[in-house]
Amino acid sequence: MAQVIDGKQLASQVLEDAAAEVEWLKHHFESVPGLAVVLVGDDAASQIYVRNKIKRAKEAGIASFEHYLEADTSQATLDALIQELNDDPGVHGILVQLPLPEHIDEARIISSILPEKDVDGFHPANVGALSQGRASLVPCTPQGCLIMLRHVHQDLSGKNAVIVGRSNIVGKPMAALLLQENCTVTIAHSRTRDIRKVCQEADILIAATGSPGLIQSDWIKPEATVIDVGINAIEVDGQRKLIGDVDFDGASQVAGAISPVPGGVGPMTIACLLLNTTRAAKNQLT
Ligand code: GUN
């Protein structure tokens with residue numbers, strides 16, 4: 001049976017690091033890191049994610065500024081809010097929860113956030129910095145995945161890493177991070193030919209597709225490390241249940257190590273967001 005990578009436990013260590021950074025900033029600079037969270041609309045999953053982010057921020061001693069906007073909020077109103085947050089010296093990090101409603105130009109909003117306050121690491125300047133190996137704010141989910149991988153492997157160098165999913169939030173930045181770790185990186189996606197065979201070559205398999213249970217035990221190389229980024233709400237016997245992109249029960253018979261859902265990548269993402277907020281606050285010390 002595979003080692004189960006405990007995201008909750010690892011995240012609590014990262015949260016402790018973030019809380020220590022907050023204390024350091026308060027003690028030496030009388031600076032309280034501030035995180036602004038913007039949620040547009042009433043998407044149920046986004047509401048839960050945002051609530052958890054704010055709860056953990058408060059626990060770590062980070063000041064949070066919550067902005068809940070109606071689903072029909074105009075682009076101009078959102079633009080104006082971002083400007084206000086960019087100008088506010090008490091706000092060190094700005095997170096706009098994605099996805100945004102269809103009528104909002106997401107790329108324009110992301111680009112309007114000051115790169116030094118972009119705690120998601122989605123601004124083109126931060127994306128470029130990451131791809132050149134000089135990142136300061138790295139997207140939270142891939143950062144969390146890397147911490148989990150380093151927990152299992154002292155050295156990732158030379159390993160075959162296959163990432164299933166090519167999103168800007170996970171797949172692409174994950175590829176950049178693993179390349180920096182000297183992995184041989186493949187990004188597989190919905191148009192990949194014989195995706196199962198590609199996955200079977202992976203020493204490290206990252207599943208970030210949003211397709212519940214897509215990845216079955218016969219996709220996995222024996223003793224591979226499997227990180228499941230998927231968080232899919234499904235109904236089983238009338239009960240809502242969260243499952244990942246990987247068939248956990250089957251995969252854990254084959255893999256060497258595997259992250260569960262829930263209790264895997266999810267808590268790591270939040271912990272890394274808070275770490276990014278303290279990094280951003282440090283970078284903004286004058
Ligand atoms: N939606 C899903 N994941 C994320 C994330 O990491 N950041 C933001 N802003 N929105 C998301």
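In what order do the three strands of the open parallel sheet stand? In this predicted model, the order is S3-S2-S4, and the pairing is parallel. Strand S3 (63-69) and S4 sit at the edges with a single partner strand each, so one side of each is left without a neighbour in the sheet. On average, and with direction ignored, neighbouring strands here are turned by 15 degrees against each other. Zooming in on one pair, strand S2 (residues 34-40) runs parallel to S3, and seven bridges link the two. To spot the pairing on screen, look for Leu35, which stands opposite Ser64 in S3. Helix H2 (residues 44-59) then lies across S2 and S3, and its direction makes about 170 degrees with S2.

There is another open sheet to look at, this one with six strands. Reading across it gives S1-S11-S8-S7-S5-S6, and again the pairing is parallel. Its edges are strand S1 (3-4) and strand S6 (184-188); each has a single partner strand, so one side of each is left without a neighbour in the sheet. Inside this sheet, strand S5 (residues 160-164) and strand S7 (residues 204-207) are paired in the parallel sense, with four bridges between them. Ala161 is a handy marker here, since its opposite number in S7 is Ile204. Helix H7 (residues 171-180) packs on the sheet, where it touches S5, S6 and S7, and its direction makes about 170 degrees with that of S6. Helix H6 (140-152) lies across S7, strand S8 (225-228) and strand S11 (257-258), and it runs at about 155 degrees to S8.

How does the chain divide up? The domain assignment gives domain 1 (31-115) and domain 2 (140-265). Their C-alpha centres are 28 Å apart. The UniProt record, an unreviewed entry, draws its own bounds: it lists "domain: Tetrahydrofolate dehydrogenase/cyclohydrolase catalytic" over residues 5-120. That span is 51% helix and 16% strand, and its end C-alpha atoms lie 24 Å apart. UniProt also lists "domain: Tetrahydrofolate dehydrogenase/cyclohydrolase NAD(P)-binding" for residues 139-284, again from an unreviewed entry. Over residues 139-284 the chain is 36% helix and 21% strand, with end C-alpha atoms 19 Å apart.

Now for the ligand. Which residues are around it? They are Leu95, Val96, Gln97, Leu98, Asp120, Cys140, Thr141, Ile169 and Thr269. Strand S4 (93-96) and helix H6 (140-152) are the elements that give two or more residues to this shell. Sorted by class, the shell has five nonpolar, three polar and one charged residues. Why does the ligand lie between domain 1 (31-115) and domain 2 (140-265)? Both domains give residues to the shell around the ligand, so that is where it ends up.

A few backbone details round off the picture. Most peptide bonds are trans, and most residues other than glycine have a negative phi. Against that background, the peptide bond from Leu98 to Pro99 is cis, with omega near 0 degrees. Pro99 is found in the loop between S4 and helix H4 (106-112), and Leu98 is one of the residues around the ligand. Another cis peptide bond joins Val261 and Pro262, where omega is about -5 degrees. Pro262 belongs to the loop between S11 and helix H10 (265-283). Finally, Asn182 has a phi near 70 degrees, a positive value in a residue other than glycine. Asn182 is located in the loop between H7 and S6.

Note on methods
Residues are numbered from 1 along each chain as its sequence is written. This is a predicted model: local features need pLDDT of at least 70, side-chain atom pairs count only at pLDDT 80 or more; totals for chains, interfaces and linings use all residues. UniProt positions are given in the numbering used here, feature names are shortened, and annotations may be inferred rather than shown by experiment. A residue is near a molecule or strand if its C-beta atom, placed from the backbone, lies within 6 Å of it. Ala, Val, Leu, Ile, Met, Phe, Trp, Tyr, Cys and Pro count as nonpolar, Asp, Glu, Lys and Arg as charged, and the others, Gly among them, as polar. Domain bounds come from an automatic or database domain assignment. Two strands pair if DSSP finds at least two bridges between them. Two residues are in contact if their C-beta atoms, placed from the backbone, lie within 7 Å. Axes are lines fitted to C-alpha atoms, for helices over the stretch in contact, and angles run from 0 to 180 degrees between N-to-C directions.
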